[in-house]
Amino acid sequence: MRTRLRTMSENRPMTVLEHLMELRQRLIKAVLALIIATLFSLLFTRRFLALLTVPMGDNLPQAIGPTETIVIYFKVALIGGLILAMPVIVYQLISFIVPGLYPHERRYLRIIVPAASLLFALGVAFAYYVMLPAAIPFLLGFMGDIIRQQWTIEKYMSLVTGLMFWVGVIFETPLVVAFLAYLGVVSPGMLWKNFRYAIVVIAIIAAVATPTPDPINMALLMLPLVLLYLLSILLALLVYRRREAATGIT
C-alpha cells in the first residue's frame with residue numbers, strides 16, 4: 001500500500017506545528033462558509049420554520065420564554081446554513097484528512113464533494129418527509145386521552161433538527177466506507193461477510209435515532225440504512241479494485 005506524507009515542498013514533510021496551522025486554516029474556511037451560508041439562510045428562515053411545524057398539524061408548539069422564539073429562529077437559520085455550506089465543509093475535511101493527493105486522484109473530489117452534499121440533503125429530506133410524518137402524530141396521540149400534549153417550540157425544534165441532522169450524517173455512510181476501502185482498512189469481502197452483524201448494528205442505530213419506540217418508525221429508518229450498506233459494499237468494490245490495480249495488490 002502506498003504511503004505519502006503531506007509536504008510543504010517536494011523535499012520536506014510538514015511538522016506537527018505546520019499540520020496544526022493547516023488545520024486552523026481549513027477550520028477558518030469552513031466556519032466562514034458556515035457563517036456566510038447562515039446569513040444567506042436568514043432570508044428564508046421563516047418559511048423553513050413554517051415547514052418544520054407542518055408535521056404538527058393544528059397543534060402548534062408554544063414559546064414559554066421571552067427570547068425562545070428568537071433563539072429558535074437563529075437555530076433554524078444555522079441548520080439551513082449547515083446544509084448550504086456542506087460542500088465547502090466536506091471539501092476542507094477531505095483535503096486535510098487525505099493529504100498529498102496526486103492530480104488524477106484530485107478528480108475524485110469533484111464527485112465526492114457533491115455526492116456527500118447530496119447524500120446529506122437526501123438524509124434530511126428522508127427524515128422530514130418520511131420519518132417525521134409518522135413519528136409526530138404517534139407522539140402527539142400517545143396517551144392522548146390522559147395527557148394533553150403541550151410542546152414548547154424549543155423541545156420540538158430540538159427533536160426535529162436533531163433527527164434531520166443525524167439522519168443526514170448517517171446517509172453519508174457509503175462515502176465513509178468507500179474512503180476506508182481506498183485506505184485499505186476494509187474490503188468488499190469483509191463488508192459482505194459481516195452483513196448479518198451490520199444488520200444488528202443498523203437495528204441499534206435505528207432504535208436510538210428513532211424518536212418513537214414503535215417498530216414501524218424503526219423499520220422506516222432500517223430499510224434505507226440496509227440499502228445504504230449495500231451501496232457501501234458496491235462503492236467499496238469499485239474503489240478497492242482501482243486500489244488493487246494502482247498498487248499491484250493481488
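A nonpolar patch is made of residues with over 30% relative accessible area and no salt bridge, whose nonpolar side chains (Val, Leu, Ile, Met, Phe, Trp, Tyr) are joined within 5 Å. Accessible areas come from the Shrake-Rupley method with a 1.4 Å probe, and for residues only the protein chains shown count as cover. Please keep in mind that this is a predicted model, in which local features need pLDDT of at least 70, side-chain atom pairs count only at pLDDT 80 or more, and totals for chains, interfaces and linings use all residues. Residues are numbered from 1 along each chain as its sequence is written, and side-chain values use heavy atoms, with hydrogens and water left out.

**Exercise 1. Describe the overall make-up of the chain.**

Step 1: Start with the helices and strands, which are DSSP runs numbered from the N terminus (helices: H or I, at least four residues; strands: E, at least two). The chain has 10 helices and 0 strands. Read along the sequence, the pattern is α-α-α-α-α-α-α-α-α-α.

Step 2: Now turn to burial. A residue is buried under 20% relative accessible area, exposed over 50%, and partly exposed in between (1.4 Å probe, protein chains only). Of the 250 residues, 38% count as buried.

**Exercise 2. Find the residues of the nonpolar surface patch and place methionine 21.**

Step 1: The patch on the surface is formed by Val16, Leu17, Leu20, Met21, Leu23 and Leu27. Together these residues have about 580 Å² of accessible area.

Step 2: Methionine 21 belongs to helix α1, which covers residues 16–41. Methionine 21 counts as partly exposed because its relative accessibility is 41%.

**Exercise 3. Explain how arginine 26 and glutamate 22 are paired.**

Step 1: Recall the idea behind the pairing. Side chains of opposite charge can pair when their charged atoms come close.

Step 2: Apply the cut-off. A salt bridge is a side-chain nitrogen of Lys or Arg within 4 Å of a carboxyl oxygen of Asp or Glu. This rule gives a count of 1 salt bridge. It joins arginine 26 to glutamate 22, with 3.2 Å between the closest N and O atoms.

Step 3: Look at the positions. Arginine 26 and glutamate 22 are separated by about one helical turn, because they are 4 residues apart in helix α1. Glutamate 22 is buried, since its relative accessible area is 12%.

**Exercise 4. Locate the largest cavity and describe its lining.**

Step 1: On a 1 Å grid over the protein atoms alone, a cavity is a set of points where a 1.4 Å probe fits but cannot get out, and lining residues have an atom within 4 Å of a point. The count comes to 1 cavity of 30 Å³ or more. About 30 Å³ of space lies in the largest cavity, a volume being the space filled by probe spheres set on grid points joined across faces, edges and corners.

Step 2: The largest cavity is lined by Ile79, Leu82, Ile83, Phe120, Val124, Thr161, Met164 and Phe165. Two or more lining residues come from each of α3 (68–97), α5 (109–141) and α6 (153–170).

Step 3: Sort the lining by type. Ala, Val, Leu, Ile, Met, Phe, Trp, Tyr, Cys and Pro count as nonpolar, Asp, Glu, Lys and Arg as charged, and the others, Gly among them, as polar. The lining then divides into 7 nonpolar, 1 polar and no charged residues.

**Exercise 5. Compare sequence separation with C-alpha distance for two residues.**

Step 1: Take leucine 52 in helix α2 (residues 45–52). Leucine 52 counts as buried because its relative accessibility is 1%. Leucine 52 and tyrosine 156 are 104 residues apart in sequence and 9.4 Å apart in space, C-alpha to C-alpha.

Step 2: Now take proline 211, in the loop between α9 (195–209) and α10 (215–247). Proline 211 counts as partly exposed, at 24% relative accessibility. The C-alpha atoms of proline 211 and leucine 163 are separated by 7.8 Å, with the two residues 48 residues apart along the chain.

Technical notes: Patch = residues over 30% accessible without salt bridge, like charges linked within 9 Å, V, L, I, M, F, W, Y side chains within 5 Å. 1 Å grid on protein atoms, 1.4 Å probe; cavity = no way out; pocket = protein on both sides within 12 Å on 5 of 7 lines; lining within 4 Å.
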